[in-house]
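Good morning, and thank you for making time for this presentation. I would ask you to keep the sequence and the structure in view while I speak.

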Amino acid sequence: MSDKLRTVGGIEFAVADLTLAEAGRHQIRLAEHEMPGLMALRREYAAAQPLRGARIAGSLHMTVQTAVLIETLVALGAEVRWASCNIFSTQDEAAAAVVVGPDGTVDEPKGTPVFAWKGETLEEYWWCSEKIFGFPEGPNLMVDDGGDATLLVHKGVEFEAAGAVPSATEEDGEEYRIILATLAAGLAEDPKRFTRIAAGIRGVSEETTNGVNRLYKLAEAGELLFPGFNVNDSVTKSKFDNRYGIRHSLADGLNRATDVMLGGKLAVVCGYGDVGKGAADSLRGQGARVVVTEIDPICALQASMDGLEVRRLDEVVERGDIFITTTGNVDVIGVEHMARMKHNAIVGNVGHFDHEIDMAGLAKVPGIRRIEIKPQVHEWVFPDGHSILVLSEGRLMNLGNATGHPSFVMSNSFTNQVLAQVELFTKPGHYGRAVYRLPKLLDEKVARLHLDALDVHLTELTKKQAEYVGVDVEGPYKPDHYRY
Ligand code: NAI
């Protein structure tokens with residue numbers, strides 16, 4: 001239980017400071033102008049209210065852009081409860097503004113319950129994640145980013161069926177122990193809570209690569225409890241947010257954290273998937289020399305053909321000035337690497353979870369010292385006197401040290417989210433316990449909604465051309481296997 005929990009005007013919430021709402025509202029107003037896809041959906045669905053009756057439990061970075069998503073879901077008729085999916089990613093002014101709402105005041109909030117603030121402890125994070133399920137009748141839809149909310153429901157149901165939460169073992173990390181404790185407390189209060197919640201959920205739409213991987217694993221094991229929409233692999237999500245979003249927010253995070261000159265520096269990008277490509281573009285755009293590490297020969301070849309050097313981390317660890325992980329994998333930068341880095345080398349991660357960089361191992365180096373330069377920027381001084389700078393404690397530094405991706409690209413991602421929520425809510429029973437993607441025509445619609453804002457003049461197919469290439473004049477224009 002957090003001492004931040006309050007109920008005012010019938011709205012339950014836990015945010016840093018409600019008086020930040022006005023500052024948040026100004027930013028939301030500007031973001032709305034940059035989010036044409038979401039605003040078009042508000043207009044399109046204003047009368048039909050397709051989400052009337054929807055009770056959405058959301059776990060996704062509580063930023064200004066997410067505020068526009070939340071208020072779009074509400075504009076389409078939904079009730080919403082929200083938490084952030086990362087301890088450092090909340091913009092406190094956005095969280096406050098969502099609670100107060102466009103028509104409320106600090107004394108009389110009229111908005112949406114939010115449980116999020118920048119700099120949560122892990123205990124507070126899981127407490128907030130649990131609060132999103134607190135609708136009196138339970139939620140019937142979920143929005144997730146990274147799969148933590150989905151994990152909570154699935155673990156809750158598993159332990160309720162077993163009648164008990166297992167005790168943590170030696171191998172369980174700190175975070176899993178906290179999850180178990182959170183669920184044990186809930187189970188003691190209500191032994192069938194998550195079982196009821198899971199039965200009422202029509203589906204989840206998942207935002208990111210790591211969360212989508214978790215959904216497919218659950219589905220393959222036959223353990224997925226409700227339908228899942230893979231929003232990440234809409235083309236207008238992963239080929240835009242993951243790539244062009246990072247191109248913007250990686251340099252932003254590095255600048256705000258360290259203000260170090262990027263031009264001329266040797267930057268090592270681990271992973272050359274969508275996020276890695278954006279990261280490399282970002283660093284190259286600032287004049288850095290970029291080296292890529294990859295395990296996939298296709299992505300390694302792509303990096304090489306893009307003019308980048310491809311090396312193993314071992315080969316460049318002493319030369320690099322900046323190291324950025326983008327793999328979504330575990331143990332990519334180990335303590336042995338960090339010990340060999342140059343004095344004041346910068347280490348940051350933009351993959352979803354914090355285990356790409358061995359932070360736990362770093363803290364255990366005998367004699368190592370950690371100095372806080374400022375929140376989310378730490379100097380780690382090795383016993384030999386040399387230091388490295390670690391950003392956001394190894395968590396998503398583009399959100400921890402900056403404010404994540406800009407509104408325009410998030411409008412693409414979140415327009416997919418809203419369409420997935422409408423699809424799940426308005427077609428109960430239509431989807432099974434599997435993972436689905438939005439049809440390509442809707443993917444193309446998302447792109448279309450963003451063209452005018454950039455003054456794009458799209459060429460129209462003639463009927464003859466459409467017949468020749470075997471598509472409809474209105475689309476979809478590509479087969480599902482097309483890779484963009
Ligand atoms: P992806 O699957 O396209 O790319 C990951 C790449 O890392 C792959 O090419 C893979 O071969 C490579 N890789 C895996 N293990 C490696 C290792 N040990 N060494 C070097 N390379 C390795 O995934 P995507 O979409 O690029 O996402 C990557 C991560 O970023 C995920 O965790 C995702 O959830 C997260 N993400 C973060 C965002 C942010 O704002 N920070 C935005 C979108 C995604």
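I shall take the annotated positions, then the helix packing, and finally some points of backbone geometry.

Please bear in mind throughout that this is a predicted model.

Let me begin with the annotated positions. An unreviewed UniProt entry applies the term "binding site" to Thr63, Asp145, Glu207, Lys237 and Asp241. I shall discuss two of them, Thr63 and Asp145.

Thr63 sits in the loop that joins strand E3 to helix H3, the latter spanning residues 64–75. Is Thr63 buried or exposed? Thr63 is buried, because 24 other C-beta atoms lie within 10 Å, and the threshold for that class is 20 or more. Setting aside residues up to four places away in sequence, Thr63 touches Ser89, Gln91, Ala94, Thr403 and Gly404.

Asp145 occupies the loop between strand E6, residues 141–144, and helix H6. Asp145 too has the status of buried, because 26 other C-beta atoms are within 10 Å. Which residues does Asp145 contact, leaving aside neighbours within four places in sequence? They are Ser59, Leu60, His61, Cys85, Glu207, Thr208 and Gly211. Please note Glu207 in that list, since Glu207 is itself covered by the UniProt annotation.

A further "binding site" listing, again from an unreviewed UniProt entry, gives Asn242, Gly271, Tyr272, Gly273, Asp274, Val275, Gly276, Glu294, Asn329 and Asn398. From this listing I have chosen Tyr272 and Gly273.

Tyr272 is in the loop between strand E9, residues 266–270, and helix H12, residues 274–285. Gly273 is placed in the loop between E9 and H12 as well. Tyr272 counts as buried because it has 28 C-beta neighbours inside 10 Å. Gly273 is buried because 20 other C-beta atoms lie within 10 Å.

As to their contacts, not counting residues up to four places away in sequence, Tyr272 touches Lys277, Ala280, Val292, Glu294, Cys299, Ala300, Gln302 and Ala303. On the same basis, Gly273 touches Cys299 and Thr326. Cys299 therefore appears in the contacts of both Tyr272 and Gly273. Glu294, which Tyr272 touches, is also in the UniProt listing.

I turn now to the helices, starting with H5. Helix H5 covers residues 122–131, and seven of its 10 residues are buried, so that the helix is mostly covered. Which residues of H5 are the buried ones? They are Tyr125, Trp126, Trp127, Cys128, Ser129, Glu130 and Lys131. These residues pack against strands E3 (55–59), E4 (79–83) and E5 (114–115), and against helices H6 (148–162) and H7 (174–189).

H6 and H7 also meet one another. Their axes come within 10 Å and cross at roughly 55 degrees, and the two helices are therefore oblique to each other. The crossing of H6 past H7 is right-handed. On the H6 side the contact involves Lys155, Gly156, Phe159 and Glu160, and on the H7 side Ile179, Leu183, Gly186 and Leu187. By class, this contact has four nonpolar, two polar and two charged residues.

The next pair is H1, residues 21–33, and H4, residues 92–100. These helices pack at an angle of about 95 degrees, with their axes 7 Å apart. H1 and H4 are therefore roughly perpendicular to each other. Ala21, Ala23, Gly24, Arg25, Gln27 and Ile28 of H1 meet Glu93, Ala94, Ala96, Ala97 and Val100 of H4. Here the contact has seven nonpolar, two polar and two charged residues by class. Ala94 of H4 is also one of the residues that Thr63 touches.

My last topic is backbone geometry. Most residues other than glycine have a negative phi, and most peptide bonds are trans.

Asp259, although not a glycine, has a positive phi of about 55 degrees. Asp259 lies in the loop between helix H11, residues 241–258, and E9. Asp259 counts as exposed because it has 8 C-beta neighbours inside 10 Å.

Glu393 likewise has a positive phi, in this case of about 50 degrees. Glu393 is in the loop between strand E16, residues 387–391, and helix H17, residues 397–400. With 20 C-beta neighbours inside 10 Å, Glu393 counts as buried.

Finally, the peptide bond from Gly475 to Pro476 is cis, with omega near 0 degrees. Pro476 belongs to the segment after helix H20, residues 463–469.

Definitions and conventions. Residues numbered from 1 in each chain as written. Predicted model: local features only at pLDDT ≥ 70, side-chain atom pairs only at ≥ 80, totals over all residues. Buried ≥ 20, exposed ≤ 12 C-beta atoms within 10 Å, placed from the backbone. Helix = DSSP H or I, 4+ residues; strand = E, 2+ residues; numbered from the N terminus. Contact = placed C-beta atoms within 7 Å. UniProt positions renumbered as here; feature names shortened; annotations may be inferred. Axes fitted to C-alpha atoms, helices over the stretch in contact; angles between N-to-C directions. Parallel < 35°, antiparallel > 145°, perpendicular 65-115°, else oblique. Left-handed = near helix turned anticlockwise from the far one by under 90°. Nonpolar A, V, L, I, M, F, W, Y, C, P; charged D, E, K, R; others polar.
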